[in-house]
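Biologist: Could you walk me through this one? I'd like to start with the empty space inside.

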Amino acid sequence: MHYYTPEGRAVLDATAGLWCANAGHNRDPIVEAIQSQAAEMDFAPPFQYGHPKAFAVSARIAALAPGDLDHVFLCNSGSEAGDTALKIALAYHATKGNATRTRLIGRERGYHGVGFGGISVGGISPNRKMFGSLLPGVDHLPHTYNREKQAFSKGEPEWGAERADALENLVALHDASTIAAVIVEPMAGSTGAIPAPQGYLKKLREICDKYGILLIFDEVITGFGRLGYAFAAERYGVVPDMITFAKGVTRCRWAACWCASTSTTPS
Ligand SMILES: Cc1ncc(COP(=O)(O)O)c(C=O)c1O
């Protein structure tokens, strides 16, 4: 649970390596697994090759995923997972003959990493302001925090589900035929831990279904048991079309991924 200064003073790692080292630092089984893999095969370019363990880990991840999500795409970080999921949403609509569906919807105060896609759909202004106009065709839902109405909430706040209705407004403004996907953190993290209001995520799901919009949950910091379930999707009883995840799944940050439902997304 600790880092050590050069003088040997223990420093409690209260953020678990910023959500990466959930199982603790330098655990023998994890160190041994990393060592044995490096000795067996250190690297093979995934563009041209497959490796049995990539399939094995994908199958284990798919088994944890909620609903019918059963495809896994391995990449290098939560940021890359976010950009990849957004790209897949565009490609999905293009392959279905809906190439006008290019608009991506994020949420104010959202954080989806440091790629251009993630920053564009993200909603933390200091992270955005130095990078110009970012991706075109992006819009944002309002965030769900209201101190006056939610102060002293126990568990999920009662107020706030109506904030999902703003998606109807964006559909009215842009037309559903131009919207590819909505991406949200089921429980916001980087902006401050903001749990979803009661019914909010279900409402988002319903509106996305109504208009053929893909719903992406960014579970980079909610996946792998952090809300008491394998994924927040299970905790909230809402199955998105894709989940991005990272942090805690490996010792390093090299296995951020997404899961896609066979029914609504490409294989
Ligand atoms: C919700 C969310 N998405 C994406 C990321 C980016 O992940 P990474 O730092 O692995 O690129 C983070 C990082 O904290 C995050 O909290």
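Modeller: Let me define a cavity before anything else: on a 1 Å grid over the protein atoms alone, a cavity is a set of points where a 1.4 Å probe fits but cannot get out, and lining residues have an atom within 4 Å of a point. Grid points are joined across faces, edges and corners, and a volume is the space filled by probe spheres set on the points. This is a predicted model, where local features need pLDDT of at least 70 and side-chain atom pairs count only at pLDDT 80 or more, while totals for chains, interfaces and linings use all residues. Residues are numbered from 1 along each chain as its sequence is written, and side-chain values use heavy atoms, with hydrogens and water left out.

Biologist: OK, how many cavities of 30 Å³ or more are there?

Modeller: There are two; the largest has a volume of about 50 Å³, and the second largest has about 40 Å³.

Biologist: Which residues line the second largest cavity?

Modeller: The lining includes G110, Y111, H112, G113 and N127, and helices α5 (116-121) and α6 (125-128) each supply at least two of its residues. Helices here are DSSP runs of H or I with at least four residues, strands are runs of E with at least two, and both are numbered from the N terminus.

Biologist: And what is the mix of classes there?

Modeller: The lining of the second largest cavity has three nonpolar, seven polar and one charged residues, where Ala, Val, Leu, Ile, Met, Phe, Trp, Tyr, Cys and Pro count as nonpolar, Asp, Glu, Lys and Arg as charged, and the others, Gly among them, as polar.

Biologist: What lines the largest cavity?

Modeller: Among its lining residues are R107, E108, H143, T144 and E185, and by class that lining divides into two nonpolar, four polar and four charged.

Biologist: Switching to helices, at what angle do α8 and α9 pack?

Modeller: Helix α8 (residues 166-174) and helix α9 (residues 200-211) pack at about 25 degrees with their axes 9 Å apart, the axes being lines fitted to C-alpha atoms over the stretch in contact and angles running from 0 to 180 degrees between N-to-C directions. That makes α8 roughly parallel to α9, since angles under 35 degrees count as roughly parallel.

Biologist: Which residues meet there?

Modeller: L167, E168 and V171 in α8 meet L204, I207, C208, K210 and Y211 in α9, with contact meaning heavy atoms within 4.5 Å. By class, this contact has six nonpolar, no polar and two charged residues.

Technical notes
Angles under 35 degrees count as roughly parallel, over 145 as roughly antiparallel, 65 to 115 as roughly perpendicular and the rest as oblique. On a 1 Å grid over the protein atoms alone, a cavity is a set of points where a 1.4 Å probe fits but cannot get out, and a pocket is an open set with protein on both sides within 12 Å along at least five of seven lines; lining residues have an atom within 4 Å of a point.
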